[in-house]
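Here's a friendly walk through a protein structure for someone meeting it for the first time. Have the sequence and the 3D view open, and let's look around together.

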Amino acid sequence: MEDAKARVKSTKKRSEKAMPNQQLKEARQMRGWSQQYVADQIGADYYYLSRWERGTTSPSPYYRQKLCELFGKNAYELGFLQEKSVEEEFEGAVESGTLQPTRTEDMLYSFVLPATGEPLGRDEILASLTAQLCLEPAQRMVALYGLPGVGKTTLAAALFTQSRILDHFSDGFLWASVGTQPNPLAVFSRWGRLLGISDAEAARLTSIEAWSQTLHLAIGSRRMLIVIDDVWRSEGALVFKIAGAHCAYVFTTRFSTVAIQIAGTGAVAVPELPESVSLSLLERLVPGLVACEPQAAHNLIRSVGGLPLALTLVGKYLQVEMHSGQPRRLFTALARLHTAEERLRLSAPQALYERSPSLSRNEPITLQSILAVSDQLLPAKAQEALRALAVFPAKPDTFSEEAALEVSHTSTGTLDVLSDMGLIESVGIGRYTLHQVIADYARVHQRTQVPYYRLVAYFIQFVTVQETDYELMELESNNILAALEAAATLGLHADFITLTHASMRFWVERGLYALAMTYLEKAREFAELEQDTPTLLRTLLHLGNVALKQGKYDQASQQLQQGLVLMQGDEDWELTCDVQILLGRTALFQCQYQSADAYLQQGVLLARQHGDTQRLGAALRSLGAGANEQGQYALATTYFKESLDLVRQGQDVALLIELLSGMGQNASYQGDYAQAEAYWQEALVLARKIGYRHALSILLGNLGATGMEQGRYAQAEAYLREALANSRQMENREFACSDLGNLGALFLEQEDYSQAHRYLQEALDLTRQTKNTWLLCGVLNYWGELHLRCPDLDISVAEAAFREVYELASVGLQEYKAEALFGLGRVALLQGNVYDACKLGQESLAILDVIGNRTRTKVAQWLKTLPVQETEIE
């Protein structure tokens with residue numbers, strides 16, 4: 001048996017006479033490029049290109065790949081490879097230009113490593129693998145598993161760039177790519193030549209067993225790393241386990257089950273690239289794309305789900321299209337990549353040794369081709385199930401096992417097959433996800449729309465049953481949207497409306513107003529098309545409710561009044577009651593208290609007649625809120641208490657939260673902060689639990705304002721900032737105005753006038769764009785206080801603000817009327833008019849005494865400081 005080192009050296013010496021590479025030279029000259037230009041483009045020295053064209057040397061795989069990309073040709077077209085078999089290519093590959101080991105002559109290779117460069121974003125996993133393989137005792141069996149195209153082979157090849165690996169496995173490396181049809185005898189024959197087994201001895205080895213024993217003896221005590229790439233079956237992979245105790249193995253496979261069977265605890269998942277790394281890879285492939293078209297770059301990354309192969313194919317395609325410098329070609333290419341079919345068909349030139357062994361020799365490497373290999377091995381039922389599951393939104397969204405079984409009409413056994421094949425991913429007990437590229441592949445190959453009908457039917461039933469289970473609704477929210485889109489596409493108008501109405505409660509309480517409006521407008525269109533009056537009425541009711549939540553009072557009133565017109569002669573008392581209550585609430589927000597009371601009392605009457613405790617509780621709660629705003633605290637308390645007894649009997653958590661919020665406001669107005677906070681904290685726990693973001697903003701704002709009044713400034717600021725963030729996320733302008741106003745008041749209390757001015761100015765500008773009189777009074781009152789207290793500001797601005805509050809409050813806002821009088825009294829005092837100051841203060845105190853507002857103590861104390869006595873004022 002020849003010595004391996006001598007074998008490698010002798011292989012180097014047996015080189016044929018140099019032949020000029022005319023194909024490379026002609027390709028360069030046809031483009032009018034100089035050798036220097038080409039060398040600069042690929043990052044090589046000038047003399048390299050000259051030697052390659054003369055045929056004295058050949059480019060390494062790294063530069064070969066660069067040249068293929070630059071010229072848009074493959075290795076054969078550039079004269080780098082002759083038409084020969086994969087086995088012959090492997091036999092002639094004894095060095096890799098991508099590697100620079102310290103002792104090249106001591107290294108053994110059976111494969112020219114892919115010229116893929118250092119894998120981006122894999123530093124941590126590469127370091128972990130290196131540590132596992134080089135420890136004593138080492139992890140002798142490591143199996144990398146993950147999706148097709150995720151970069152398992154690249155990661156395995158990158159091990160050979162690690163100096164610690166090179167030092168530890170000082171006797172060399174062996175590589176075999178096996179694919180779906182492994183050929184152990186061919187692999188062993190190549191390994192035998194590299195290990196110094198003579199041709200005569202090799203000829204006598206005709207069985208796998210004989211080769212295994214001979215190779216085992218040839219390796220002996222050598223330290224070698226052996227890579228078995230693209231394994232499909234564990235038993236086929238373990239055939240190659242022929243080395244001694246000082247060697248280690250790295251296997252790559254698509255399947256987690258195969259990886260575990262082979263390596264046990266040495267199985268390592270190779271995840272997709274995170275978005276930041278994907279952007280870096282795309283920028284490396286297509287310099288300038290991320291900067292000039294950032295949104296397009298992000299969309300591309302999401303469309304391929306962080307798969308390095310997909311990103312590489314996309315990048316190479318865009319490279320070619322951008323090469324001309326014509327922007328229209330880039331825009332056309334980006335538009336083409338919006339289509340899944342186009343992304344799946346993208347290919348790029350590949351050298352023979354870079355090809356997947358699972359593909360036929362002449363088949364281009366595309367996402368379509370590498371996924372088809374797995375798909376074709378599936379049983380027919382599993383293929384059908386995969387295509388059916390593509391109706392669900394792709395990763396990062398997930399779907400339940402129950403939904404999967406219903407939509408695909410299959411068994412758990414089939415789901416297990418798809419999971420074991422790596423085509424669906426298990427993401428917790430009873431939940432799965434489908435990678436974007438696999439979902440694209442499955443959708444392109446769908447042959448029926450039946451799964452979409454099943455998707456719609458399943459989620460109508462799901463939402464109808466689970467509409468108040470907010471955690472489940474959140475989990476399935478995007479699947480519900482997919483079902484809605486399917487219903488619209490299939491023309492299932494009644495199903496679309498049913499699913500929209502059933503989802504409305506969740507959307508509203510999550511603050512998803514724009515989303516709710518989009519589907520409600522479509523539902524109204526379908527209801528009008530079908531001339532379904534009851535359904536149209538219910539849709540108008542929802543539209544009015546959402547508009548009310550958005551602060552669009554005129555729009556809400558218009559929708560609800562339209563509903564009232566359609567309702568003439570309708571005997572649906574529940575719908576009538578709901579519309580009356582909503583009209584009452586809309587009138588409240590417009591400070592139309594008489595109209596509000598009339599509507600709400602009608603709602604109370606209907607609810608009492610029919611014994612509907614929850615509707616009665618809702619109407620009473622709104623009556624209590626109206627009484628609160630008008631300073632009728634005792635009446636509000638009566639309404640709230642009756643409402644609380646009714647609401648606690650039911651299951652409407654959202655209504656209970658709203659009621660507790662109003663009761664806390666009532667206690668706060670009367671100065672009972674402890675009771676107010678008790679109500680709000682109870683409501684806050686419930687709101688966080690169910691994710692009721694609309695109520696969450698109100699509660700956090702109330703707690704912040706109360707904390708400020710009690711001097712707990714740090715706590716108040718934390719509450720108010722969370723409230724503002726939540727309000728802005730919901731795009732609720734009115735809530736944001738309130739939060740900004742409270743933050744301004746908070747900084748005013750701390751005499752930080754600059755910050756106070758900034759927040760109050762923004763709050764005032766925004767509030768004037770709304771039609772909420774009550775809210776505008778509150779912000780104007782703070783604005784007047786700022787100009788009253790800050791020595792650098794104009795007192796006339798304060799006077800104007802308080803006068804505007806007084807005029808606005810004439811609709812029945814007694815608290816703000818009293819606040820305005822108190823503010824004007826202090827302005828009069830600063831102007832030296834003590835008599836008017838005392839008179840205005842007395843008027844303010846009289847109102848506050850009648851309504852029992854907490855501010856009366858502050859006004860009374862201020863009056864005592866005035867030099868004019870009460871007897872002097874007649």
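R826 counts as buried, at 13% relative accessibility; buried means under 20% relative accessible area, exposed means over 50%, and partly exposed is in between, using a 1.4 Å probe and protein chains only. Its salt-bridge partner is E785, with the closest N and O atoms 2.2 Å apart. A salt bridge here is a side-chain nitrogen of Lys or Arg within 4 Å of a carboxyl oxygen of Asp or Glu. The pair links distant parts of the chain, with E785 in helix α43 (residues 773-789) and R826 in helix α45 (residues 814-830), 41 residues apart. E785 is buried too, with a relative accessible area of 8%.

Before going further, a word on the model. It is a predicted one, so to speak of a local feature takes a pLDDT of at least 70, and side-chain atom pairs count only at pLDDT 80 or more, while totals for chains, interfaces and linings use all residues. Residues are numbered from 1 along each chain as its sequence is written, and side-chain values use heavy atoms, leaving out hydrogens and water.

Now for the other salt bridges. The structure holds 33 of them. Side chains of opposite charge can pair when their charged atoms come close. Here are three pairs with their distances.

| Acidic partner | Basic partner | N to O distance |
|---|---|---|
| E785 | R826 | 2.2 Å |
| D440 | R343 | 2.9 Å |
| D578 | R538 | 3.3 Å |

Where do D440 and R343 sit? D440 is in helix α25 (residues 436-444) and R343 in helix α20 (residues 340-345), so their salt bridge ties together parts that are 97 residues apart in sequence. Both D440 and R343 are buried.

The side chains of D578 and R538 also meet in a salt bridge. D578 lies in helix α33 (residues 573-589) and R538 in helix α31, so this pair ties together parts that are 40 residues apart in sequence. D578 counts as buried at 17% relative accessibility, whereas R538, at 22%, counts as partly exposed. R538 and D578 also belong to a network of salt bridges that includes D612 and R615.

What about the chain as a whole? It has 47 helices and eight strands; these are DSSP runs numbered from the N terminus, with helices being H or I of at least four residues and strands E of at least two. Of its 874 residues, 55% count as buried. Take contacts (heavy atoms within 4.5 Å): among those between residues at least 6 apart in sequence, 65% join residues at least 24 apart.

A search of the whole structure finds zero disulfides, a disulfide being a pair of cysteine sulfur atoms within 2.5 Å. As for individual cysteines, C68 is buried, with a relative accessible area of 4%, and C577 is buried at 0%.

Finally, some backbone oddities. Most residues other than glycine have a negative phi, and most peptide bonds are trans. K395 and P396, though, are joined by a cis peptide bond, with omega about 15°. P396 lies in the loop between α22 (380-389) and β6 (399-400). D230 has a positive phi, near 60°, and lies in strand β3 (residues 225-231). Q531 has a positive phi as well, near 55°, and is found in the loop between α30 (513-530) and α31 (533-549). Buried or exposed: which is D230, and which is Q531? D230 is buried, with a relative accessible area of 11%, while Q531 is exposed at 71%.
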